[in-house]
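Dear colleague,

Please find below the structure that I agreed to pass on to you. My notes on it follow directly after.

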Amino acid sequence: MNAHPTFGPATGIGSLPGGDAREAAKTATGSFEDFPFLPELPARGPGADMIGRTAGMLVELYARVEPSGWRIGDRPGRDTKRAWSWLGEDLDALEEFTQGYEGPLKVQAVGPWTLAAALELRNGESALSDPGACRDLTASLAEGLRLHLAELRRRVPGAQLVLQLDEPSLTAVLGGQVRTASGYRTHRAPDRQLVEATLRDVIGVHSPEGAVVVHSCAPDVPFALLRRAGAGAISFDFSLLTERDDDLIGEAVEGGTKLFTGVVPGTDGPLSDPAGSVMGVRTLWRRLGLHPGLLADAVTVTPSCGLAGASPAYARTALAHCARAARSLADNPE
């Protein structure tokens, strides 16, 4: 494997509508012949959702659904088994549609801080409230991801795996905005160096030989922290950028960090022409004074977030639109 794994020009974020694993795998591989992804289908129910799926990957930690959300328990119950079964179905479907494939292939899991904010301990508080629980969760997640990636290598031996860590709650964790179970208070923000070190540990499961992208569709993505933690790429909703982010993005690009720009809306609506969808990216480039020749190599075009809330027809159109928008960037970087 090369030391600097390449990303394809366009890909999806992760979730798709519907519940048919084969149909989803066919869409994810057919839309992006040079950067397919393993789809997630949360419409199937608990265990197919983002948190439930990643909870199912944990080693020696199990979670079950309570009325308030996912709670850590001591043995695998029905919800964990369902998560295992659906992930198995999704891997079977992906394997079927990637026979002989060679190139980058993206898989997603929830990162340690969003997981700690979402999973409850036995007392009903989020794992975020207990530093020891956070450490255990991180170690369990790292081991689970190692096994998951090994399984994917076995099934798609020609793939260069790209691991995407979904961290939509990271900004809230850093800002001390995650609410306690009562809803009256918020959890104290963990030390930023601890946040960074924890992310570095989980990113280290796959890096440096493989590429890791961290995804957040929240505002105020902590670009500098993610780069220091070792993320090779950062995935974000392009419409949420403000000029405050300019310098951070310029530094990231110049430092070799790739950008996954979410420019195509995640829910049904009219789409502009593909060139129009990436016009903002070109404008940003000019504003930052970056070389246009870098553009196609530095940017992967994606939807702004997962497509679970879209109609199946729109989801297919949006993915095809990302691929066309990426071609437009490559053909006319200026």
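The notes below cover the cysteines, the nonpolar cores, the strands around β7 and the aromatic pairs.

This is a predicted model, in which local features need pLDDT of at least 70 and side-chain atom pairs count only at pLDDT 80 or more, while totals for chains, interfaces and linings use all residues. Residues are numbered from 1 along each chain as its sequence is written, and side-chain values use heavy atoms, with hydrogens and water left out.

Cysteines

With a disulfide taken as a pair of cysteine sulfur atoms within 2.5 Å, the count is one disulfide. The bond is between C217 and C305, with an S to S distance of 2.3 Å. C217 sits in the loop between β5 (211-216) and α8 (223-228), and C305 in the loop between β8 (299-303) and α13 (312-331), so the pair ties together parts that are 88 residues apart in sequence. Helices (H or I, at least four residues) and strands (E, at least two) are DSSP runs, numbered from the N terminus.

For accessibility, buried means under 20% relative accessible area, exposed over 50%, and partly exposed in between (1.4 Å probe, protein chains only). C217 is partly exposed at 25%, and C305 is partly exposed at 23%. C322 is in no disulfide, and the nearest cysteine sulfur, that of C305, is 12 Å away. C322 is buried, with a relative accessibility of 0%. C134 is also buried, at 10%.

Nonpolar cores

A nonpolar core is here a set of buried Ala, Val, Leu, Ile, Met, Phe, Trp, Tyr and Cys residues joined through side-chain atoms within 4.5 Å. The largest such core has 90 residues, and the members that touch the most others are L119, L137, L145, L226, V299 and V301. Helix α13 gives the most to this core, namely nine residues. A second, separate core has seven residues, including V162, A211, V213 and A233.

Contact means heavy atoms within 4.5 Å. Once its neighbours within four places in sequence are set aside, V301 is in contact with P9, A10, T11, T261, V263, V278, C322, A325, A326 and L329.

The strands around β7

Strand β7 (residues 258-264) is mostly covered, as seven of its seven residues are buried. Two strands pair if DSSP finds at least two bridges between them. Strand β6 (residues 233-237) pairs with β7 in the parallel sense over five bridges, and I234 stands opposite L259 in β7. On β8, the pairing with β7 is also parallel, through five bridges, and V264 stands opposite P303 in β8.

β6, helix α9 (residues 246-254) and β7 make up a right-handed β-α-β unit. A crossover is right-handed if, with the strands pointing away from the viewer, the path from the first strand over the helix to the second runs clockwise.

Two buried residues touch this region. T302 lies in strand β8 and is buried, with a relative accessible area of 0%. Apart from neighbours within four places in sequence, T302 is in contact with T11, I13, F260, T261, G262, V263, V264 and C322. H321 belongs to helix α13 and is buried at 3% relative accessibility. Residues up to four places away in sequence not counted, H321 touches V264, L271, S272, D273, P274 and S277.

Aromatic pairs

Rings of Phe, Tyr and Trp (its six-membered ring) pair if their centres lie within 6.5 Å; planes under 30 degrees apart count as stacked, over 60 as edge-to-face and the rest as tilted. There are six aromatic pairs by this rule. One of them is the tilted pair of F32 and F37, at 6.3 Å centre to centre and 50 degrees between the planes. F32 and F37 are both buried.

The ring centres of F223 and F236 are 5.3 Å apart and their planes stand at 80 degrees, so this pair is edge-to-face. F223 lies in helix α8 and F236 in strand β6, so the pair ties together parts that are 13 residues apart in sequence. F223 is buried at 1% relative accessible area, and F236 is buried at 2%. Ring pairs also link F7, F35 and F260 into a cluster.

With kind regards
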